[in-house]
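Biologist: I am new to this structure and would like a friendly guide to it. Please choose one part, look at it closely, and then show me how the rest fits around it.

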Amino acid sequence: SRCVWASPIYAGEKRALEIGVGDWPPFLDSSLPHQGVIAHLISDVFAEEGYQVSFHFRPWARVYLEASTGKRDATAVWMHNPEREKDFYYSQPVLKESFVFFHIKDRPFDWKTLADLAGMKLGGGLSYSYGPDFDAALANGVFSQERMESDKQNFQRLLLGRIDVFPEELNVGYHSMRRDLLPSEYQKITHHPKPFLNNDSFLLFPRRSSDSLKLMEIFNNRLKIFREDGRYQRYFDALAEGKYAGQ
């Protein structure tokens, strides 16, 4: 392990980078092809600038601690939180997350505002916030929510009719279905196209590392090129095609 970099980054210098991450399939997962689509993207962006990235998978709390103290060069990926700004610099957005409502195809479901979910029973993950609007509607009793430990449990309850809809990030939900359900089950489920929450997630660079600003600038500039020439989107097209599904 390594603490704060001892030397500045020079043009053309090639070096290893250590990035702390947690499991969040299909975006980040040590068992998936390229360790997940976001790990693949970050690796390729840095590779074009002459860096070799290694990802260190840990529980999220430990990931944060190791990176904030300078033990890692960066950590991925995190939603914006003002509290984290005391420890990190935020890159340009790396991932746009879209949270949608999954439902059974033959049980018609439509919504325009969260009030349209009145009286429904929703699934959900343990100790998870689905954004301030959703949390407020839940607190006000617009709908109820039964939380489970895994997406698999939520989708099984959806199939059994024990919940009406299941809120989850679009790609995370479909990855879980492909991994955890039989094709005959998976084919019964769809999602409503209107997201109830969109979030950007970022690569964070520790303020305690003297070269973080320069490294972030390098990353941001190359990521911008990936977006402009169409390469960025190709990672997510491949994700939609199941290329990061694993075994």
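Modeller: Let's begin with Q35, which counts as partly exposed because its relative accessibility is 26%, a value between the 20% limit for buried and the 50% limit for exposed. Please keep in mind that this is a predicted model. The mean pLDDT of the protein chain is 91, with 94% of its residues at 70 or more. Residues 1-11 need more caution: pLDDT stays under 50 there, although the model has 27 contacts beyond four places in sequence for them.

Q35 belongs to the loop between β1 and α1, and that loop is the part I would like you to look at closely. Although Q35 is not a glycine, its phi is positive, at about 65°. H34 is found in the loop between β1 and α1 too. H34 also has a positive phi, about 60°, without being a glycine.

The backbone of this loop has another feature to find. P26 sits in the loop between β1 and α1, and the peptide bond leading from P25 to P26 is cis, with omega near 5°. Another cis peptide bond joins A76 to V77, with omega near -25°. V77 is part of strand β3.

Now follow the two elements that flank our loop. Both β1 (15-21) and α1 (37-47) give two or more residues to the largest nonpolar core, as do β2 (51-57), β3, β10, α7 (212-228) and α8 (231-240). That core has 38 residues, and I19, I38, I42, F46 and L203 touch the most other members. The largest share comes from α1, with seven residues. Such a grouping fits a broader pattern: nonpolar side chains tend to be buried together in soluble globular proteins.

F46 is a good residue to click on here. Leaving out residues up to four places away in sequence, F46 touches L17, I19, Y51, V53, L203, F205, L215 and F219. F205 also turns up beside S212, a residue of helix α7. Apart from residues up to four places away in sequence, S212 touches Y89, F205 and P206. S212 counts as buried because its relative accessible area is 2%, which is under the 20% limit.

There is also a second, separate core of 15 residues, including F101, A137, V165 and F196. A137 leads us on to F143, since F143 is in contact with L114, L117, G119, M120, L122, F134, A137 and L138, its neighbours within four places in sequence set aside. F143 lies in the loop between α3 (132-139) and β7 (144-145), and at 4% relative accessibility it counts as buried. For a sense of distance, F143 and A238 are 95 residues apart along the chain, and their C-alpha atoms are separated by 36 Å.

For a contrast with F143, try A118, in the loop between β5 and β6 (121-122). A118 is exposed, with a relative accessible area of 53%. From A118 to F226 there are 108 residues in sequence and 43 Å in space, C-alpha to C-alpha.

Finally, let's turn to the pockets. The largest has a volume of about 430 Å³. Its lining consists of 17 residues, and W24, M79, R84, E97 and Y128 are the closest to its centre. At least two lining residues come from each of β3 (74-79), β5 (95-104) and β10 (197-206). This means that β3 and β10, which we met in the largest core, also help to line this pocket. Sorted by class, its lining contains ten nonpolar, four polar and three charged residues.

The second largest pocket holds about 350 Å³ of space. It is lined by 20 residues, with E149, S150, D151, E168 and V172 nearest its centre. α4 (151-159), β8 (166-169) and α5 (170-180) are the elements that each give two or more residues to this lining. The largest share, five residues, comes from α5. The lining of this second pocket divides into eight nonpolar, six polar and six charged residues.

Notes
Residues are numbered from 1 along each chain as its sequence is written. This is a predicted model: local features need pLDDT of at least 70, side-chain atom pairs count only at pLDDT 80 or more; totals for chains, interfaces and linings use all residues. Side-chain values use heavy atoms; hydrogens and water are left out. On a 1 Å grid over the protein atoms alone, a cavity is a set of points where a 1.4 Å probe fits but cannot get out, and a pocket is an open set with protein on both sides within 12 Å along at least five of seven lines; lining residues have an atom within 4 Å of a point. Grid points are joined across faces, edges and corners, and a volume is the space filled by probe spheres set on the points. Helices (H or I, at least four residues) and strands (E, at least two) are DSSP runs, numbered from the N terminus. Ala, Val, Leu, Ile, Met, Phe, Trp, Tyr, Cys and Pro count as nonpolar, Asp, Glu, Lys and Arg as charged, and the others, Gly among them, as polar. pLDDT is the predictor's confidence in each residue, from 0 to 100. Contact means heavy atoms within 4.5 Å. A nonpolar core is a set of buried Ala, Val, Leu, Ile, Met, Phe, Trp, Tyr and Cys residues joined through side-chain atoms within 4.5 Å. Buried means under 20% relative accessible area, exposed over 50%, partly exposed in between (1.4 Å probe, protein chains only).
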